[in-house]
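Let's take a walk through this structure together, from the overall fold down to single residues. Keep the viewer open as you read.

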Amino acid sequence: MSSQNSPGDNSTPSARKSITLHRLREMHAAGEKIAMLTAYDASFARLADEAGVDCLLVGDSLGMVVQGHASTTPVTLEEMAYHTRAAARGNRTAFLIADLPFGTYHEDPAHAMRSSAVLMGAGAQMVKLEGGGWTPETVRFLVDRGVPVCAHLGLTPQSVHALGGYRIQGRDEAGAATLRRHARELADAGASMMVFELMPSDLARGLQADNPGLMTIGIGAGGGTAGQVLVLHDMLRVTRGKLPRFVRDFVAEGNTIEGAIRTYVAAVKDGSFPDESLHAY
Ligand SMILES: Nc1nc(=O)c2c([nH]1)NC[C@@H]1CN(c3ccc(C(=O)N[C@@H](CCC(=O)O)C(=O)O)cc3)CN21
Ligand SMILES: CC(C)C(=O)C(=O)O
C-alpha cells in the first residue's frame, strides 16, 4: 500500500485529516476537483479512502450492481442503512454520503427527515435525493434541521420508469431551461452539493457557473463540474454488460484495484478525466 505513494501524496490514512463539508467547500473555493466514488461495504470503503477518494457515496445503484435488480427503485431504507453502516466502519477520513432510496422522502418533508435520521444514524454525513421541482421544500426542511443535502438532477434513475429509460437529459432548450430552474431552486433551498448525471457538458458547465457556491459533481456530464463520481463496479469493470460511455479503463492504467482508484483520483484532480471527446455528450 504505502509503496505506491508518490512524493507529496497526502492520501495515506495517517496523513490525511477527515474530509468535512467545510474542507470540501475550501477545496471547491480553491478550484481543487472533488473525487467521489461509490462504496457499499467496509473493504472497498477502506481501500477508496486510503487511495485518496474525497467522498464516498453509498449509492442506491447497489440495487443494480450488488443486488442484481434491473433498476434502483426496489432498494429499501433498511438496505441502504445496512450498507451505510458497513461502509462507515471501513471508512476513516472520506466524507460519507448515502442515497435516500425511492419512496422514502416523497410523501412530505417529515417523511424525508425520518428517513434521513436512519441514514445519519448509520454513519452518513450527508444524504442525497433525486429530482427537482417538488424537492426544494424538502431540502430546506432537512438543511434547517442539520442534515446536509446533495441533490441529483439530469438522469434521475429512481424515475427510470417515468423517463422511459436511461437517456441523456436536457438536450432540448425546454429541458435545459427546466434543469436551470431546478438547480437554482435547490441551491437556494440550501443543497450544498448536486450530482448532474448524463447531460450535455455545456449545460452542466453552465449550471455550475450559475451557482458558483454549489459543489456540482458530474457523471456523464463533462468536465465543467466541481467534481466527478463513478460507480465502483463500473470503474473496476465488474459490471455486467456494456459500460456507459463515461467510464474510462482505470484498471488497465492502474494495474491493481488500489492503483485503479488512485489513477481515477489523480485524473479527476488534474482534469484529464473526463475527456470531452471520449466520456462526455
Ligand atoms: N452500474 C451502474 N452504473 C451507473 O452509472 C448507474 C447505475 N449502474 N445505475 C443507476 C444509474 C443508471 N445509469 C446509467 C445507465 C445507462 C446509461 C447508458 O446506457 N448510457 C448510454 C447513453 C444513453 C444516451 O445517449 O441517451 C451510454 O452509452 O453512455 C448511462 C447511465 C447511471 N447509474
Ligand atoms: C451514479 C451515482 C451518482 C448514484 O446516484 C448511485 O450510485 O446510485
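The paragraphs below begin with the whole chain, then turn to the ligands, the annotated positions and two helices.

A word of care before we start: what you see is a predicted model. The protein chain is built from 13 helices and eight strands. Along its principal axes, the C-alpha trace spans about 50 × 40 × 40 Å. Does the radius of gyration agree or disagree with that of a compact globule? A compact globule of 281 residues would come out near 19 Å, and the protein chain has 17 Å, so the two agree. Of those 281 residues, 50% count as buried. If we take the contacts between residues at least 6 apart in sequence, 64% of them join residues at least 24 apart.

Now to the ligands. Ligand 1 has 16 residues around it, and the closest are Y166, I168, V231, P244 and R245. Two elements, helix 3 (62–65) and helix 10 (232–235), each give two or more residues to this shell. By character, the shell around ligand 1 divides into nine nonpolar, four polar and three charged residues.

Which residues surround ligand 2? They are T38, L57, G59, D60, S61, D99, V195, E197, I219, V229 and V231. This shell is made up of five nonpolar, three polar and three charged residues. V231 is worth highlighting in your viewer, since V231 is listed among the closest residues to ligand 1 and is also part of the shell around ligand 2.

The annotations come next. An unreviewed UniProt entry marks D60, S61, D99 and K128 as "binding site". These positions are spread over 69 residues of sequence, yet they cluster in space, with a largest C-alpha distance of 12.4 Å. The "binding site" feature is also placed by UniProt (unreviewed entry) at D60, D99 and E130. Here the spread is 71 residues of sequence, and again the positions cluster, the largest C-alpha distance being 11.0 Å. Both D60 and D99 from these annotations are found in the shell around ligand 2.

Let's visit some of these positions one by one. D60 sits in the loop between strand 2 and helix 3. D60 counts as buried because 30 C-beta neighbours lie inside 10 Å. Leaving aside neighbours within four places in sequence, D60 is in contact with T72, V75, M80, D99 and P101. S61 is in the loop between strand 2 (55–58) and helix 3 as well. S61 is buried too, with 22 other C-beta atoms within 10 Å. Not counting residues up to four places away in sequence, S61 touches T38, T72 and V231. T72 thus turns up as a contact of D60 and of S61.

K128 takes us to strand 4 (residues 126–128). Is K128 buried or exposed? K128 counts as buried, because 24 C-beta neighbours lie inside 10 Å. Apart from neighbours within four places in sequence, its contacts are I97, D99, L100, C150, H152 and V195. E130 lies in the loop between strand 4 and helix 6. E130 is buried, with 24 other C-beta atoms within 10 Å. Setting aside residues up to four places away in sequence, E130 touches H152, T156, Q158 and S159. H152 is therefore a contact of K128 and, through its own list, E130 touches H152 as well.Helix 6 (residues 136–144) is a good place to look at sidedness. Its buried residues include T138, V139 and L142. They cover an arc of only 100 degrees around the axis, which puts them on the same side of helix 6. The face turned away from that buried side carries the exposed residues E137 and D144. Among the elements that cover the buried residues of helix 6 are helix 5 (109–121), strand 5 (149–154) and helix 8 (173–188). After helix 6 comes G146, with a positive phi near 90 degrees.

Our last stop is A86, in helix 4 (residues 77–90). A86 is buried, with 20 other C-beta atoms within 10 Å. Not counting residues up to four places away in sequence, A86 touches D41 and A42. V53 is 33 residues from A86 along the chain, and their C-alpha atoms are separated by 17 Å.

Key:
Residues are numbered from 1 along each chain as its sequence is written. Chains are lettered from A and ligands numbered from 1 in the order in which they are written. This is a predicted model: local features need pLDDT of at least 70, side-chain atom pairs count only at pLDDT 80 or more; totals for chains, interfaces and linings use all residues. A residue is buried if 20 or more other C-beta atoms lie within 10 Å of its own, exposed if 12 or fewer, and partly exposed in between; C-beta atoms are placed from the backbone. Helices (H or I, at least four residues) and strands (E, at least two) are DSSP runs, numbered from the N terminus. The arc is that of the directions from the helix axis to the C-beta atoms. Two residues are in contact if their C-beta atoms, placed from the backbone, lie within 7 Å. A residue is near a molecule or strand if its C-beta atom, placed from the backbone, lies within 6 Å of it. Ala, Val, Leu, Ile, Met, Phe, Trp, Tyr, Cys and Pro count as nonpolar, Asp, Glu, Lys and Arg as charged, and the others, Gly among them, as polar. The radius of gyration is taken over C-alpha atoms; the globule rule is 2.2 Å times the number of residues to the power 0.38. UniProt positions are given in the numbering used here, feature names are shortened, and annotations may be inferred rather than shown by experiment.
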